[in-house]
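Subject: A structure for you to look at

Hello,

Here is the structure I promised to pass on to you. Please open it next to this email, and you can follow along as I go through what turned up.

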Amino acid sequence: MSAPLLAIEGLEAGYGAIAALRGISLEVRAGEIVTLIGSNGAGKSTLLRAVSGLLRPAAGRIVFDGEDVTAWPPEKIVARGVCQVPEGRRIFSNLSVLENLRMGAFTRRSGEAAALERVLGLFPRLRERLGQAGGTLSGGEQQMLAIGRALMAEPRLLLLDEPSLGLAPLLVAQIFEIVRTINASGTTVVLVEQNAQQALRVAHRAYVIETGSLTLEGPASVLAADPRVRRAYLGEEDE
Amino acid sequence: MAEDLLQQLVNGVAWGGIYALIALGYTMVYGVLKLINFAHGEVYMVGAMTGYYAARSFGLAGAPSLLGLVATLAASMAVCALLAAIIERVAYRPLRSAPRLAPLITAIGVSLLLQNLGQLVFGADPKFFPPLLESRNVFEVGKLSVSNVQLAVLGTAILLMAALQWIVMRTRFGRAMRAVSFDAQAAALMGVPVDRVILGTFVLGAVLAAAAGVLVGLTNPKIDPLMGVLPGLKAFVAAVLGGIGNIPGAMVGGLLLGVIETFVSGYLSSTYRDAIAFVLLIAILLYKPTGLFGTTQTEKV
């Protein structure tokens with residue numbers, strides 16, 4: 001088996017005295033969609049923040065494509081091909097839609113126009129809104145913009161933090177379909193979700209995170225059938 | 001009477017252009033760091049001082065020329081850019097994750113340090129800026145007159161503000177600056193080197209303040225190491241008037257403050273000239289804290 005694209009080993013991180021991650025180890029192989037499910041405050045976002053370099057881990061290693069990227073500055077990690085769509089979309093409301101997309105291509109030296117065409121092909125709605133301020137878009141459009149913005153860098157690894165949060169069911173289905181499309185075109189995806197049902201449906205493998213530690217892992221279909229997962233995350237009642 | 005009013009307006013606008021240039025530095029730094037850089041007035045002072053020494057060493061004293069003015073501006077801008085970069089790197093960057101009060105107090109400290117360092121290096125006695133342009137009226141109708149110096153001041157200010165607007169709205173750096181000012185973390189996730197953008201913002205503000213320092217030397221040649229204190233504070237008021245963090249706001253705020261000051265000293269009493277800016281500040285904070293162009297930012301919870 002080839003080396004994983006992303007390997008996290010014994011990662012510990014926190015905010016001040018509060019430990020949010022207590023020794024997490026996981027692997028993401030090239031071409032996979034891996035989902036990380038867990039309840040609010042389990043440490044999912046913290047993990048992504050550490051991978052993106054926004055948070056300096058207290059211990060452990062983050063290895064991307066064979067290179068130790070632990071504690072690298074965010075811009076270097078982005079330039080290596082790891083892009084994150086943060087929770088809450090974080091659109092630059094004061095910039096136009098086009099400018100938002102161009103921000104996504106900030107580290108690129110060439111190929112911006114071609115990347116823009118690809119993103120607009122994926123999200124035709126954004127083409128009609130290019131001149132509008134990012135803040136004027138609807139929630140669903142903003143999520144599309146956030147994903148499109150990250151894709152402008154043509155990342156090898158895309159980190160998605162709660163892309164379905166606050167969206168209507170129809171849009172949620174659409175977003176997950178887009179995740180599948182992005183993955184089919186060769187981008188490895190890490191998907192952090194509270195919507196475990198949808199996430200397990202689209203992912204190849206899954207990890208369950210609880211209060212900063214991994215408790216379960218396996219193929220998504222197996223986890224989706226696991227009674228513990230069904231009880232805790234899929235809203236199934238006890239017999 | 002109308003001519004008189006127009007004359008005051010011309011004088012006020014020329015003076016306001018200088019405030020606008022300084023105010024831009026306050027507002028841009030506030031935009032990216034939410035910091036009021038109280039040392040900015042001292043950067044302007046160093047700009048004037050550098051201009052003075054540069055003009056003399058270029059042999060421009062007694063030999064005014066437009067080319068000489070441009071060279072003086074360039075020298076002053078270069079020195080102030082370096083100074084601002086050092087201030088940011090040494091005084092503010094180490095405090096990036098400290099509570100917001102810490103860099104603010106540091107800014108006041110840097111301001112005092114530069115005032116006193118200025119007296120040590122340049123001497124406390126005032127100096128007289130060599131006239132870089134031969135003053136003459138280029139426009140005269142009845143009692144109304146516009147001098148070439150006024151035109152040069154206003155023209156340079158407008159040119160620099162247009163250049164700034166172009167940088168901010170049309171370049172990659174400007175886009176990054178706007179992104180950082182809206183959400184620095186999201187900008188970092190786009191691969192923006194946030195610290196470098198902040199440094200660049202300080203340098204950009206300092207370049208404008210340097211220009212203001214030289215331009216002020218053309219109209220008010222008496223310069224000294226404490227000259228930055230009052231214009232610095234007033235330019236801060238101008239930035240607040242326009243809406244702190246808002247670039248066009250700082251331009252309009254500066255011009256407006258210049259005009260108001262000139263009117264007050266022309267029609268009321270020149271005693272009130274320096275007070276009016278602070279009356280204005282209190283009024284804005286009471287009635288429209290967001291300034292003319294500012295928008296209310298909703299805090300995320």
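Let's begin inside helix H6 of chain A, where Glu141(A), Gln142(A), Gln143(A), Met144(A), Leu145(A), Ala146(A), Ile147(A), Gly148(A), Arg149(A), Ala150(A) and Leu151(A) are buried. Keep in mind that this is a predicted model. That run makes H6(A) a mostly covered helix, with 11 of its 13 residues buried. What covers them? Among the elements over the buried residues of H6(A) are two strands of chain A, S6 (82-85) and S7 (157-161). The cover also includes the helices H3 (97-104), H4 (112-122), H5 (124-128) and H7 of chain A.

You can also check the length of this helix yourself. H6(A) runs over residues 139-151, and at 1.5 Å a residue its 13 residues should span 18 Å; the C-alpha atoms at its two ends are 18 Å apart, so the model agrees with the expectation.

Now move to helix H7 of chain A, where you will find Glu177(A). Is Glu177(A) buried or exposed? Glu177(A) counts as exposed because it has 11 other C-beta atoms within 10 Å, and a residue is exposed with 12 or fewer. From Glu177(A) to Gly31(A) is a step of 146 residues in sequence, while their C-alpha atoms are 16 Å apart in space.

Just past that helix, Gly186(A) is found in the loop between H7 (169-184) and strand S8 (188-193) of chain A. Gly186(A) has 10 other C-beta atoms within 10 Å, so this residue is exposed too. Its C-alpha atom is 9.8 Å from that of Pro155(A), and the two residues are 31 apart in sequence.

Next, the backbone holds a couple of things to look at. Most residues other than glycine have a negative phi. Ala71(A), though, has a positive phi, near 65°. Where is Ala71(A)? You will find Ala71(A) in the loop between strand S5 (67-68) and helix H2 of chain A. Ala71(A) is exposed, because 12 other C-beta atoms lie within 10 Å.

Chain B has a case as well: Lys34(B) is not a glycine, yet its phi is positive at about 55°. Lys34(B) is in the loop that lies between helix H1 (2-33) and helix H2 (40-57) of chain B. Lys34(B) has 14 C-beta neighbours inside 10 Å, so it counts as partly exposed.

While you are in chain B, have a look at a pair of helices. H9 (residues 229-242) and H11 (residues 273-287) of chain B pack at an angle of about 35°, and their axes are 10 Å apart. The crossing of H9(B) and H11(B) is left-handed. Which residues of H9(B) meet H11(B)? They are Leu230(B), Lys234(B), Val237(B), Val240(B) and Leu241(B). On the H11(B) side they meet Asp274(B), Ala277(B), Phe278(B), Leu280(B), Leu281(B) and Ile284(B). The residues of this contact between H9(B) and H11(B) divide into nine nonpolar, two charged and no polar.

Let's step back to the whole chains. The secondary structure of chain A comes to 10 helices and 10 strands. Its radius of gyration is 17 Å, close to the 18 Å that the globule rule gives for 239 residues, so chain A is as compact as a globular protein of that length. The C-alpha atoms of chain A fill a box of roughly 50 × 40 × 40 Å along the principal axes. Of its 239 residues, 46% count as buried.

Chain B has 11 helices and four strands. A compact globule of 301 residues would have a radius of gyration near 19 Å, and chain B, at 19 Å, agrees. Its C-alpha trace spans about 60 × 45 × 35 Å along the principal axes. In chain B, 52% of the 301 residues count as buried.

Finally, how do the two chains meet? In chain A, 20 residues are in contact with 14 residues of chain B. H2 (74-80) and H3 of chain A are the elements that give two or more residues to the side of chain A touching chain B. That side of chain A divides into 10 nonpolar, six polar and four charged residues.

Enjoy exploring!

Best wishes

How values were computed:
Residues numbered from 1 in each chain as written. Chains lettered and ligands numbered in written order. Predicted model: local features only at pLDDT ≥ 70, side-chain atom pairs only at ≥ 80, totals over all residues. Buried ≥ 20, exposed ≤ 12 C-beta atoms within 10 Å, placed from the backbone. Expected span 1.5 Å × (residues − 1). Contact = placed C-beta atoms within 7 Å. Rg over C-alpha atoms; globule rule 2.2 N^0.38 Å. Nonpolar A, V, L, I, M, F, W, Y, C, P; charged D, E, K, R; others polar. Axes fitted to C-alpha atoms, helices over the stretch in contact; angles between N-to-C directions. Left-handed = near helix turned anticlockwise from the far one by under 90°.
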